[in-house]
Amino acid sequence: MELCSFLTLDSIITDPLTHDFMRKALLMSSLVAAVCGFLSSYLTLKGWALMGDAVSHSVMPGVVVAYALGLPFSLGAFIFGVGSVALIGFIKQKSRVKEDTVIGLVFTGFFALGIVLVSKIKSNIDLHSILFGSPLGISLSDVKQTIFISLLVVILLSIFRKDLMLYCFDPRHAKTVGINVFFLHYLLLTCLSLAAVVGLQSVGIILVVAMLITPGATAYLLTDKFDNMTVISVLSAIISSLIGIYVSFWFDLETGGSIVLAQTFIFLFAFLFAPRYGIFKLKKLFAGYK
Amino acid sequence: METINYQNFRIDAENICVDYNGKVALYDANLRLKPGQICGLVGMNGAGKTTFFNALTGFVNISKGKIRINGESVRSAQKDQTIAYVPQNEGIDSQFPISVWDVVMMGRYGSMNIFRCPRESDVQAVKDAIERVDLTDHLSTPIGNLSGGQRKRTFLARAIAQRASILLLDEPFSGVDIRTEKLISELFIQFKNEGKTILLSTHDMIHVREFCDLVLLINKTVVAYGETSEVFTPENITTTFGGISPDFLFGPES
């Protein structure tokens, strides 16, 4: 084919970079991936995967209302994200229903509200881009918001890095030595809501939870050091985003889905071949040959 | 009437009650411990042992009563790093990606700046603590690769590094090897001589007789409290364990 004749490895990488929207998408998705990857270490260790799913779905009505009112969509998303968690906590405390059930029913309720609102508010909301993300069509104001929120989350996580690790590991000790556990709990939730907000632009509401848990899970299989886990998590998230966007460009695939699939493949690779915790335990195999 | 100087007591819990969403976990519980005393906390599962610990550390709020730690509130005890809690092995995530050094360093967090940057003195405190529990060869070992006994010693080292004057230990002897058990009992004697106060929960009646000056038997409230030799009787133990004879539970007394 004619197309293939001029496709070298070099041009596979560089050709998409000639498009303005591709450069923007690659940059913004990498930033978003880095933020979500950073947070991911904490969420996987804390066991908050379901919470991540809940928050990311619950931001839907917030996004719709914010669009309709002409407010920054991150504001609406943030309010509904934190609100969903507060509601989950309230229902759990005041009823005998088990926590996972409460989480499930609250976030589907919020999500449904969002869908109903979209159908009622006839504005220029693109349901598809909210649900599945649109990193290629990101607007300038969205870029500004994303950069702002991302920096905020990275700064917060960096400052409270060690406290959050302690909170995930042993909250009782944290409390005993006078560290404000209540604050750390809500700090982590706030970061989760904010990360979900920026993440949904890349991969959409439905898949954003993958951005929040898969990189952390991958890193968890590859290291026994928390700091390394954070680095691996961030790197695997960024690499997945780049791979996903390139693949979606060349093969004309849904971008959000491609990014998440890339993450899943990296996880599976770690699951099979991680030196110590993989199925094939490469470390042992190699040790055997020595 | 004799006036009580609360300063004399390391722990002074007066008629404390704890309930979780209206469900009573502990009521009208009293405990007074002086420096250098070791007290055993004995009761069935769900008798409120962990709740008692949680109340003393401020991890749960008491709904009634008063707790004074060195004559002050629980809040200021937290600020002053007065209390160290050594969790049960089952109470922690052993797969957490963290090394012995990092766990012990967490004992210093409360007295560090907001970024938790270790100072020279913190590093020294951690080194010393790890040496005292004989884990110097395992500084960078992930806790997941430790034995149950080594993991227990790691958390003891954290309490030592914290330089707390009160140690709360949840089942310190469960699931540990002989070597660790010996090391822990030696440490207890050292702690006692240093004037530290120890409250430990245990299922093992032999350990109570061996280490504890005092014993607190609880079953949602205090069943009996006092000198081990006086209070730790078969009758009291039977009451504590809901009518089951201690012979049946622990074998006949030798």
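This is a tour of a predicted model, in stops that can be selected one after another.

**Stop 1: the sheet of chain B**

Select β1, β2 and β4 of chain B. These three strands form an open sheet in the order β2-β1-β4, and the pairing is antiparallel. Residues 23-33 make up β2(B) and residues 64-69 make up β4(B); both stand at the edges with a single partner strand, so each has one side without a neighbour in the sheet. On average, neighbouring strands here are turned by 25 degrees against each other, direction ignored.

Now keep β1(B), residues 11-20, together with β2(B). Seven bridges join them in the antiparallel sense. For one of the residues involved, show D19(B): its bridge partner in β2(B) is V24(B).

Add residues 49-57 of chain B, which are helix α1. This helix packs on the sheet and touches β1, β2 and β4 of chain B. The direction of α1(B) makes about 115 degrees with that of β1(B).

**Stop 2: helix α6 of chain A**

Move to chain A and select residues 99-120, helix α6. At 1.5 Å a residue, its 22 residues should span 32 Å, and the end C-alpha atoms are 32 Å apart, so the two values agree.

Which residues of α6(A) are buried? Colour I103(A), V106(A), F107(A), F110(A), F111(A), G114(A) and V118(A) to see them. They lie on the same side of α6(A), because the arc they cover around the axis is only 125 degrees. An α-helix has 3.6 residues a turn, so residues three or four places apart point the same way.

Turn to the face away from the buried side. Here the exposed residues are T101(A), V116(A), S119(A) and K120(A). To see what covers the buried residues, show α4 (49-69), α5 (73-94) and α7 (127-132) of chain A, which are among the covering elements.

**Stop 3: helix α12 of chain A**

Select residues 226-251 of chain A for helix α12, which has 26 residues. The expected span at 1.5 Å a residue is 38 Å; the end C-alpha atoms are 37 Å apart, which agrees. Step on to D252(A), just after α12(A), where phi is positive at about 55 degrees.

**Stop 4: where the chains touch**

Show both chains. On the chain B side 25 residues are in contact with 21 residues of chain A. Within chain B, select α2 (74-79) and β5 (83-86): each supplies at least two residues of the side that touches chain A. β5(B) gives the most, with three residues. Coloured by type, this side of chain B shows 13 nonpolar, nine polar and three charged residues.

Methods. Residues numbered from 1 in each chain as written. Chains lettered and ligands numbered in written order. Predicted model: local features only at pLDDT ≥ 70, side-chain atom pairs only at ≥ 80, totals over all residues. Pairing = 2+ DSSP bridges. Helix = DSSP H or I, 4+ residues; strand = E, 2+ residues; numbered from the N terminus. Axes fitted to C-alpha atoms, helices over the stretch in contact; angles between N-to-C directions. Contact = placed C-beta atoms within 7 Å. Expected span 1.5 Å × (residues − 1). Buried ≥ 20, exposed ≤ 12 C-beta atoms within 10 Å, placed from the backbone. Arc of directions from axis to C-beta. Nonpolar A, V, L, I, M, F, W, Y, C, P; charged D, E, K, R; others polar.
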